[in-house]
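Please work through the exercises below with the sequence and the 3D structure in view, and try each task before reading its solution.

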Amino acid sequence: MGKSLGFLLALSLGVIGFYGMTTPMNKPLFMRMEKEWQQVAKQQEIGEFYNPDSSLSHSLSLLTNEHEEPLLFYADILTPVCIDGTCKPVYIELYWNLLGQYVGYAIDKTKPLTKFDHDHFIAADYEKLHELLLDNNSILSRRKLEDLFDVNVKPGKKVTYKGVEVDAVTGATRKEIKESVIEGALYSCYTLWHLVYGQVTGKIEGYLQSIYSAELAADFLYSDYPEYQFYALKQMSSTDYQSHLSQVLHIIESSAPLIRNYILKKLPKDSWREGDFSQGLYALFSTIDLNSKTLLLQNLPNAHPTAATLLSQQVMVMTKNQLKMYLAYLEEDADRLTPTIRDNLAETAKSETYTFTYLISAFLE
Amino acid sequence: MKKIGLTILSVISLLLTYVPISTAQEGILIEAESFPEKGGWLVDPQFVEQMGSPYLMAHGMGQAVARAATEVTLAQKGTYHVWARTKNWAPGDWAPPGQFKIEVNEKALANTLGLKPYWNWEYAGEIDIQSSKAAIELVDLTGFNGRCDAVYLSLSNQAPPSKAKALAKWRKEMLQEPPAPAITKTYDLVITGGGIAGCAAAIAAAEEGLQVALIHDRPLLGGNASSEIRVHTLGIYGKFERILKKIDTEHYPNGSSKAKLDQQKRDENVKSYKNIHLFLNWRAYDAVAKDDLIQYVDARQTATGERMRFKSPLYVDATGDGWIGYWAGAEYSYGRESVYKYGEAWDKWGELWSPEEPDNFVMGSSILWQTEVGETAFDFPEVPWAVAVAKEHEAVAGEWYWEFSRNDLHQIEDGEEIRDHMLRAIFGSFSNAKQQAGNEKYRLQWVSYLLGKRESRRLVGDYIFTFKDVVDKMEFSDSVVVEKRAIDVHYQRNLQDEKLPDFLSEALFYKTGRYYIPYRSLYSRNINNLFMAGRNFSCSHIGLGGPRVMRTTGQMGAAVGFAAALCKKYEVNPRAIYQKYLKEYMNLIDRQQWVNP
């Protein structure tokens with residue numbers, strides 16, 4: 001007990017010692033936002049976040065460029081990792097993007113990370129740690145530390161946690177945990193993951209809201225990062241969508257299905273009718289994911305009239321239900337089945353590779 | 001005993017106990033599921049509402065299954081044309097996976113079947129029959145889920161109708177079915193669905209002395225927990241430990257063959273109640289309400305086609321898909337509500353958790369499977385039709401996250417496509433894994449063919465249970481179900497990265513303390529004698545996330561069973577228990593935890 005307290009005192013002094021530094025010390029080992037990191041010119045402490053595991057608070061900083069535009073959040077961490085009363089320090093510098101999502105870390109090469117058997121991390125371990133910290137839905141988020149140890153395993157290793165062998169995990173989750181944590185460093189992984197996804201994320205989200213401006217919103221929308229684009233899209237009004245249709249189309253084309261689906265569900269009706277945009281959107285039909293295809297079909301009644309013609313050239317990528325939706329749309333109003341669309345459908349009905357030609361033939365009859 | 005599904009018109013089958021005959025026609029319709037000898041073919045009744053009938057399926061996991069056979073007696077000799085109603089379940093640029101042939105009197109008909117990409121009559125060929133009897137056999141060629149709904153023999157070369165409505169009408173005419181089932185049975189309580197919720201409801205009601213009919217469309221009880229689907233039961237027992245321990249499972253890995261032990265326990269325990277009248281292999285197909293009261297439920301034996309009407313003052317919909325409520329006109333919901341509708345946001349996960357705009361993109365269905373390592377190398381056939389779904393994915397085992405949902409697919413209406421997609425994912429991923437050195441001795445031990453559904457229709461009760469009730473830890477005067485398991489909502493992995501397989505999901509867990517479900521979520525708002533228990537209880541999409549696990553649904557069932565007993569005692573409907581007899585009801589519920597196992 002006394003030993004732990006002493007360690008905490010030393011640790012606290014160590015943490016205090018880091019205050020007042022102007023920029024991060026070490027080049028990150030892994031960094032998803034290298035371009036932003038290169039631009040860091042200033043460090044501004046914006047608050048603290050608490051780590052219930054260690055009962056320590058850590059300083060949180062905003063890193064900005066020379067114009068004081070926000071780039072990254074940063075914390076220089078010294079935290080104990082304790083097993084059965086024996087504590088070891090872990091030195092690590094952590095980075096988050098402006099949304100509070102982990103993006104990378106650095107270490108002091110003179111203070112490498114170690115496993116419980118005192119072996120230093122090897123290169124693959126550092127990489128695995130980065131991958132683990134990137135996983136915002138890690139199994140570590142929903143398991144208590146003690147649940148990760150298998151009480152039925154006979155003690156065989158020297159290192160134990162509450163009398164139970166370290167790194168022996170229960171059968172049902174063994175595979176998932178083994179895949180995500182570093183062998184011999186389960187507790188370090190656990191501690192760091194919870195630090196990265198703990199109170200700090202709420203602090204960053206709150207801070208972002210306090211500085212979110214029209215300028216930042218535009219930066220986000222036109223940035224190369226899908227998560228920034230998504231954040232901006234969520235804050236946008238109908239008018240905003242209408243004003244940025246070309247970028248919205250670009251995002252639909254380049255983003256993950258989740259973001260595409262969000263946009264296609266949220267797009268104001270006026271936007272669907274806008275000729276160039278509608279044309280650009282429905283031209284993507286063949287290349288985008290199936291769920292987005294469904295949303296394009298569901299919005300056909302809102303879309304510019306050219307959309308139905310564009311789709312008639314892309315029928316062969318439709319699922320059965322999607323084809324039914326398309327044909328039902330055409331059937332609703334006789335004017336919708338233009339000669340061009342009819343010809344295109346008739347051509348597709350001759351296909352020997354498309355499975356659902358029988359539906360088209362029945363429709364044309 | 002021969003079965004009813006055989007119909008003769010102008011020709012006579014002497015094997016039938018019930019043989020409608022019409023001299024006006026020249027054909028004989030044989031429902032495949034009624035073949036007395038099924039060989040290795042399985043009866044699949046899951047998609048009756050969509051494709052019209054239970055059917056036989058050759059689920060051989062790549063090994064051709066033993067023949068199914070029947071014999072009919074013909075009134076007339078001559079050249080018969082033969083059709084089978086079937087489909088190619090994985091159409092594409094490859095040989096269809098589920099091919100079979102028909103043999104009549106040991107002669108194979110000319111055409112291979114299972115070729116067209118939709119349920120249809122495929123022409124098997126013609127045969128000259130000069131005997132009075134015809135032995136008909138289904139000969140599986142591939143072992144990969146060939147399917148046959150019915151066989152039709154006719155002296156005319158006119159194929160039966162194909163379109164759903166015309167076919168249904170034709171079937172009825174051929175079967176000469178009277179409008180109502182000939183047999184009506186009356187009980188105190190009719191429960192449809194023998195999953196964990198239905199079983200718990202039956203036990204609770206039976207213990208209180210009610211005569212209970214439990215109608216279930218499978219041979220084994222337990223639904224998703226059965227040894228046919230093999231999902232382990234999760235959640236807590238609440239106040240019903242004694243009852244739920246009779247029917248739940250151990251915490252073995254999903255898909256484990258240990259499910260068979262729990263199956264035995266469950267079946268024995270439920271059957272031990274003399275006043276639970278079990279109707280296994282009976283699938284309900286209609287429920288009719290008048291003046292907002294269900295009058296009866298009609299069901300059909302899945303193999304013989306025999307029909308029966310079930311009457312009682314009270315009904316429980318434990319079908320999972322809310323069929324009884326749906327047929328009776330109960331209000332129901334399907335899909336994901338807008339996050340704003342009930343205030344169900346979890347900002348950390350945003351759209352993946354609950355969308356701003358409502359949609360029908362619900363949690364998916366799973367097919368579990370298991371492999372084993374044999375003594376010797378085992379060849380698995382090439383399955384290009386499956387690899388088209390599996391793509392590069394390799395696997396020698398499945399788990400809960402083998403799950404499929406897509407926004408153009410309805411978990412009920414498109415159930416067959418969803419099941420087939422999962423079969424392709426499994427066979428394809430296994431085939432890919434088999435190409436790797438070291439996997440030579442792996443073989444498929446078991447692949448379910450039954451969909452393990454998570455979410456479909458939710459019947460609307462007097463109270464709609466939502467995520468907010470969990471976050472706020474709402475306690476109700478009628479809290480009859482308690483749970484502490486995390487709210488667990490799934491999304492498809494390919495939403496975040498479209499390169500990932502479309503048949504794998506991810507779970508989001510919202511950790512929580514104890515939360516409660518009120519009795520008012522367990523009876524219908526507008527059908528006055530209808531209870532519901534199981535995943536079709538009254539809740540939102542996110543509200544379903546936690547209580548959908550089977551000890552929790554079992555609690556719902558038990559709570560409903562005890563309520564039904566009080567309904568009988570006072571001759572009232574479910575709502576009156578909350579309005580007038582709540583104290584007595586809650587005492588009854590409370591007492592359960594003190595009854596010794």
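The exercises that follow deal with the two chains, then with one sheet, and then with domains.

The model is predicted, so local features need pLDDT of at least 70 and side-chain atom pairs count only at pLDDT 80 or more, while totals for chains, interfaces and linings use all residues. Residues are numbered from 1 along each chain as its sequence is written, and chains are lettered from A and ligands numbered from 1 in the order in which they are written.

**Exercise 1. Describe the make-up of chain A and of chain B.**

Step 1: Helices (H or I, at least four residues) and strands (E, at least two) are DSSP runs, numbered from the N terminus. Chain A has 18 helices and 8 strands, whereas in chain B there are 14 helices and 31 strands.

Step 2: With a radius of gyration (taken over C-alpha atoms) of 25 Å, chain B is close to the 25 Å that the globule rule gives for 597 residues, so chain B is as compact as a globular protein of that length. That rule is 2.2 Å times the number of residues to the power 0.38.

Step 3: A residue is buried if 20 or more other C-beta atoms, placed from the backbone, lie within 10 Å of its own. By this count, 34% of the 365 residues of chain A are buried, and for the 597 residues of chain B the figure is 56%.

**Exercise 2. Find the order of the strands in the open sheet of chain B, and identify its edges.**

Step 1: Two strands pair if DSSP finds at least two bridges between them. The open sheet of chain B holds 4 strands in the order 5-10-7-8, with antiparallel pairing.

Step 2: Strand 5 (68-73) and strand 8 (107-108) of chain B each have a single partner strand and stand at the edges, so one side of each is left without a neighbour in the sheet.

Step 3: Strand 5 of chain B pairs with strand 10 (residues 133-140) of chain B over 6 bridges, in the antiparallel sense. In strand 10 of chain B, Lys133(B) stands opposite Thr73(B).

**Exercise 3. List the domains of chain B and describe how domain 1 meets domain 2.**

Step 1: Domain bounds come from an automatic or database domain assignment, which for chain B gives domain 1 (29-160), domain 2 (183-339 + 455-594) and domain 3 (365-453).

Step 2: Between the C-alpha centres of domain 1 and domain 2 of chain B there are 37 Å. Their contact (C-beta atoms, placed from the backbone, within 7 Å) takes 7 residues from domain 1 of chain B and 7 residues from domain 2 of chain B.

Conventions. Buried ≥ 20, exposed ≤ 12 C-beta atoms within 10 Å, placed from the backbone. Contact = placed C-beta atoms within 7 Å.
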